[in-house]
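Got a moment to poke at a fold together? Have the viewer ready and we'll go through it by question and answer.

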Amino acid sequence: MKPLEQLVRPNIWSLAPYSSARNEYSGHEAHVFLDANENPYNKPLNRYPDPLQLDLKEKLSKVKRIPSNKIFLGNGSDEAIDLVYRIFCEPQKDNVVAIEPTYGMYKVCAEINNVGYNPVLLDENYQMSADKILNVCNKDTKVIWICSPNNPTGNNLDREEIIKVLTNFDGIVVIDEAYSDFSTEKPFRIDLGLYPNMIVLNTMSKAWGCAAIRLGMAFANESIIELFNKVKYPYNINLLTQQQALISLQDTFEVEKWVTTLLQERTRLIRAFSDLDQCIKIYPTDANFFLAKMTDAPTIYNYLVNEGIIVRNRHKVTLCENCLRVTVGTKTENNELLAALRKL
């Protein structure tokens with residue numbers, strides 16, 4: 001890995017971050033707050049939330065087995081994705097490399113930040129080649145994006161190929177593990193100490209059933225986390241989100257039950273889906289969804305919409321022609337989907 005100072009945009013490296021009122025008295029007890037121009041009424045909503053979410057990070061540290069000083073919390077994982085560009089990529093100069101197909105926000109954020117985006121096609125089994133990815137990189141490549149389990153394909157990418165990228169690329173490697181709770185693969189966040197150039201993304205939206213509160217996570221070495229905190233908006237995680245996340249994190253057993261149930265339903269749904277006349281192939285999956293190649297995905301998608309059932313049409317995505325992405329729902333929801341397709 002190059003020295004961090006060489007990877008970070010010069011203006012970001014020298015940036016003096018905004019100093020929020022709630023940070024300035026850190027380490028002291030206080031009970032009268034006359035520092036932040038807040039309304040003294042309507043407690044507790046009148047007060048700005050903890051800008052660094054320290055209580056929440058402490059709880060997440062125990063659940064995720066990551067030191068709290070190596071955790072960044074964002075308004076969904078999308079905030080962390082955008083911050084990677086803003087911290088490391090000089091607009092109109094630097095570029096990133098990503099697998100294709102994958103989560104669309106990597107490309108959208110590249111375009112928003114005016115950064116070059118170079119996709120590298122997966123093979124016919126939706127697996128990546130580290131050599132192909134590394135060969136596309138040049139002196140201005142700052143970041144490589146890898147999503148595993150991948151979206152929309154659902155499968156884990158070959159771990160040895162990911163490690164090859166991590167050990168041979170001298171820039172930042174981001175591994176998005178949004179769906180890792182549904183996989184038996186060892187999450188890369190556990191090996192954070194082995195790869196100083198690695199950033200691992202995670203979220204409360206999937207296994208934790210908290211998409212509505214918009215809480216994403218980035219795990220990285222302390223120096224990178226400090227950069228995230230330097231560039232983020234001062235109070236990026238609101239009080240209600242922090243409170244609800246703490247409540248949700250209290251019941252890990254319930255989440256484990258949800259995951260077990262969803263995996264059982266995934267197996268049942270895939271078997272039933274495979275027997276449909278309209279289904280050509282189901283691709284292997286390690287997530288809470290699967291990708292199915294259909295006889296005519298756009299027509300089937302439109303039919304399901306008219307039936308009030310929404311899946312994701314991936315027909316226009318590279319390497320996903322005539323594919324539908326189906327999220328595993330409750331048994332009742334899955335049965336309704338199957339019943340509708342059997343009538344078609």
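What follows is a set of questions and answers on this predicted model.

Q: How does the radius of gyration of the protein sit against the globule rule for 344 residues?
A: Start with the parts list: the protein has 13 helices and 11 strands. The globule rule gives 20 Å for 344 residues, and the protein comes close to that, so it is as compact as a globular protein of that length. The radius of gyration itself is 22 Å.

Q: What share of the residues of the protein count as buried?
A: For the outer dimensions, the C-alpha trace spans about 65 × 50 × 30 Å along its principal axes. The accessible surface comes to about 16800 Å², with 49% of that belonging to carbon and sulfur atoms. To count as buried, a residue has to be under 20% relative accessible area. Of the 344 residues, the share that does is 51%.

Q: How far apart do the centres of the positive and negative side chains lie?
A: There are two sets to place here, 38 positive side chains and 42 negative ones. The distance between the centres of these sets is 2 Å.

Q: Which strands pair with β7, and in what sense?
A: Take β1 (residues 71–74) to begin with: four bridges link β1 and β7, and Phe 72 has Ala 218 as its bridge partner in β7. Then there's β6 (residues 198–203), also joined to β7 by four bridges, with Val 200 standing opposite Phe 219. So the partners of β7 are β1 and β6, and the sense in each case is antiparallel.

Q: Are the residues on the two faces of β7 buried or exposed?
A: Strand β7 covers residues 216–219, with Gly 216 and Ala 218 on one side. Met 217 and Phe 219 sit on the other side. Both faces are covered, and all four of these residues are buried.

Q: Which strands are at the edges of the open sheet made of four strands?
A: The order in this sheet is β8-β9-β11-β10, with antiparallel pairing. β8 is joined to β9 (residues 289–294) over three bridges, and Lys 281 has Lys 293 as its bridge partner in β9. An edge strand pairs on one side only, and the two that do are β8 (279–282) and β10 (312–313).

Q: Which prolines follow a cis peptide bond?
A: The bond from Lys 43 to Pro 44 is cis, with omega near 0°, and Pro 44 is in the loop between α3 (21–24) and α4 (54–64). The bond from Glu 100 to its proline is cis too, with omega near 5°, in the loop between β2 (95–100) and α6 (105–112). The prolines are Pro 44 and Pro 101.

Q: Where does phi of Asn 42 lie, given that it is a positive value?
A: Asn 42 lies in the loop between α3 and α4. Its relative accessible area is 58%, so Asn 42 is exposed. This is a residue other than glycine, and its phi is near 70°.

Q: What is phi of Arg 214 near?
A: Arg 214 is in the loop between β6 and β7. At 32% relative accessible area, Arg 214 is partly exposed. Its phi is positive in a residue other than glycine, near 55°.

Q: How far apart in space are Leu 240 and Leu 45, C-alpha to C-alpha?
A: Leu 240 is in helix α10 (residues 239–249), and its 54% relative accessibility makes it count as exposed. Along the sequence, Leu 240 and Leu 45 are 195 residues apart. In space, C-alpha to C-alpha, the distance is 8.8 Å.

Notes: Residues are numbered from 1 along each chain as its sequence is written. This is a predicted model: local features need pLDDT of at least 70, side-chain atom pairs count only at pLDDT 80 or more; totals for chains, interfaces and linings use all residues. Side-chain values use heavy atoms; hydrogens and water are left out. The radius of gyration is taken over C-alpha atoms; the globule rule is 2.2 Å times the number of residues to the power 0.38. Buried means under 20% relative accessible area, exposed over 50%, partly exposed in between (1.4 Å probe, protein chains only). Accessible areas come from the Shrake-Rupley method with a 1.4 Å probe; for residues, only the protein chains shown count as cover. Lys and Arg count as positive and Asp and Glu as negative; His and the chain ends are not counted. The place of a charge is taken as NZ of Lys, CZ of Arg, CG of Asp or CD of Glu.
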